[in-house]
Amino acid sequence: MRQATGTTRGDVLSAQHEPRHEPPHGLQRHTGRRLVQLYTGLALYGASSALLVRSGLGLEPWNVLHQGLAELTGLTIGVVSIVVGAVVLLLWIPLRQRPGLGTVSNVFVVGIAMDATLALVPEAHFMAVRISLLAAGVVLNGAATGLYIAARFGPGPRDGLMTGLHRRTGRSLRLMRTAVEVAVLATGFALGGTVGVGTLLYALCIGPLAQFFLRVFAVPSGSGSTVVATGPSKRAILPG
């Protein structure tokens, strides 16, 4: 889906999958900061997803699936997220994808943070509160995405699945992402996951928000410059 700004969700960042242009020691010098960004971003990603759940106005595609499976199994949505992430990570093996620290951490931290936030934030009954939760969830998700991706510890398991399919099939990344997310969304909706205005708002806003926060949280290279995406890339994706 193309965003209103002309930037696709797949155009957000090339740093995850394109060759690096700074010396290796440039990133190593900032390892501590990158680790803080990684785990802060993952925790906030889970928290933002929980806010979207509490809004009841629609979720991003993968969490529609997670919520539907949670309804079916009786497990919490965070636990389902962890299980699905682990299964997706296993699919990397035939696709010859190599996980990073961020990939493995994503599987566990996002789900744990989501369940923890849901335990703290009560259900909302007034529309004004629900709209506020939706807006806060989308913006916080964009900030979390910027933190997590800018840390450059590897893509999330779900996005790695899509890049793997892209490389193995030769089909465009946009086509692979669209096909997978439509299938995930439809399956989750059929199982009882929430699809609504929040789903559309997320699709329209997450690209521009993530691009903005990627620049805010960019890690300086060894020369003192920052590492950010400077233009669209066919391989660039968001975490998942």
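User: In this predicted model, what does the side chain of glutamine 37 reach, and at what distance?

Analyst: A polar side chain is read by asking which donor or acceptor it meets. Here the model is predicted, and the side chain of glutamine 37 comes to 3.2 Å from the backbone oxygen of leucine 147. Glutamine 37 belongs to helix α2.

User: Is glutamine 37 buried or exposed?

Analyst: The reading rests on relative accessible area, where values under 20% count as buried. Glutamine 37 has 6% relative accessibility and therefore counts as buried.

User: How should the packing of α2 and α7 be read, and at what angle do their axes cross?

Analyst: One takes the distance between the axes and then the angle between them. Helix α2 covers residues 31-55, and its axis comes within 7 Å of that of α7, with a crossing at roughly 160 degrees. Angles over 145 degrees count as roughly antiparallel, and α2 and α7 are therefore roughly antiparallel to each other. Their crossing is left-handed. The residues of this contact comprise 17 nonpolar, nine polar and three charged.

User: What span does α7 reach, and what is expected for it?

Analyst: The span of a helix is compared with the value expected from its residue count. Helix α7, residues 127-151, has 25 residues; the distance from its first C-alpha to its last is 36 Å, close to the 36 Å expected at 1.5 Å a residue. Just after α7, the backbone of arginine 152 adopts a positive phi of about 60 degrees.

User: Where is glutamate 60 placed, and which side chain does it contact?

Analyst: For a residue in a loop, one reads the location, then the accessibility, then the partners. Glutamate 60 sits in the loop between α2 and α3, the latter spanning 61-73. Its relative accessibility is 4%, so glutamate 60 counts as buried. Its side chain is joined to that of serine 49 by a polar contact of 2.9 Å.

User: How is the pair α3 and α9 oriented, and what is the handedness of its crossing?

Analyst: The same two steps apply. The axes of α3 and α9 come within 7 Å and cross at roughly 30 degrees. As angles under 35 degrees count as roughly parallel, that makes α3 roughly parallel to α9. The crossing of α3 and α9 is left-handed.

User: At what angle do α8 and α9 pack?

Analyst: Helix α9 comprises residues 173-190, and it packs against α8 at an angle of about 130 degrees, the axes being 9 Å apart. This angle makes α8 oblique to α9. The crossing of α8 and α9 is right-handed.

User: Which helix holds arginine 158, and is this residue buried or exposed?

Analyst: A charged residue is read by its place in the fold and by its accessibility. Arginine 158 is found in helix α8, residues 157-169. With a relative accessible area of 5%, arginine 158 is buried. A C-alpha separation can also be set against the distance along the chain: arginine 158 and valine 180 are 22 residues apart in sequence, and their C-alpha atoms are separated by 9.5 Å.

User: How many helices and strands does the protein chain have, and what share of its residues is buried?

Analyst: The whole chain is read by listing its elements in order and then its burial. The protein chain has ten helices and zero strands, giving the pattern α-α-α-α-α-α-α-α-α-α along the sequence. Of the 240 residues in the protein chain, 52% are buried.

Terms used
Residues numbered from 1 in each chain as written. Predicted model: local features only at pLDDT ≥ 70, side-chain atom pairs only at ≥ 80, totals over all residues. Heavy atoms only, no water. Helix = DSSP H or I, 4+ residues; strand = E, 2+ residues; numbered from the N terminus. Expected span 1.5 Å × (residues − 1). Axes fitted to C-alpha atoms, helices over the stretch in contact; angles between N-to-C directions. Parallel < 35°, antiparallel > 145°, perpendicular 65-115°, else oblique. Left-handed = near helix turned anticlockwise from the far one by under 90°. Nonpolar A, V, L, I, M, F, W, Y, C, P; charged D, E, K, R; others polar. Buried < 20%, exposed > 50% of the residue type's maximum accessible area, 1.4 Å probe, protein only. Polar contact = N/O pair within 3.5 Å; in protein donor to acceptor, adjacent residues only side chain to side chain.
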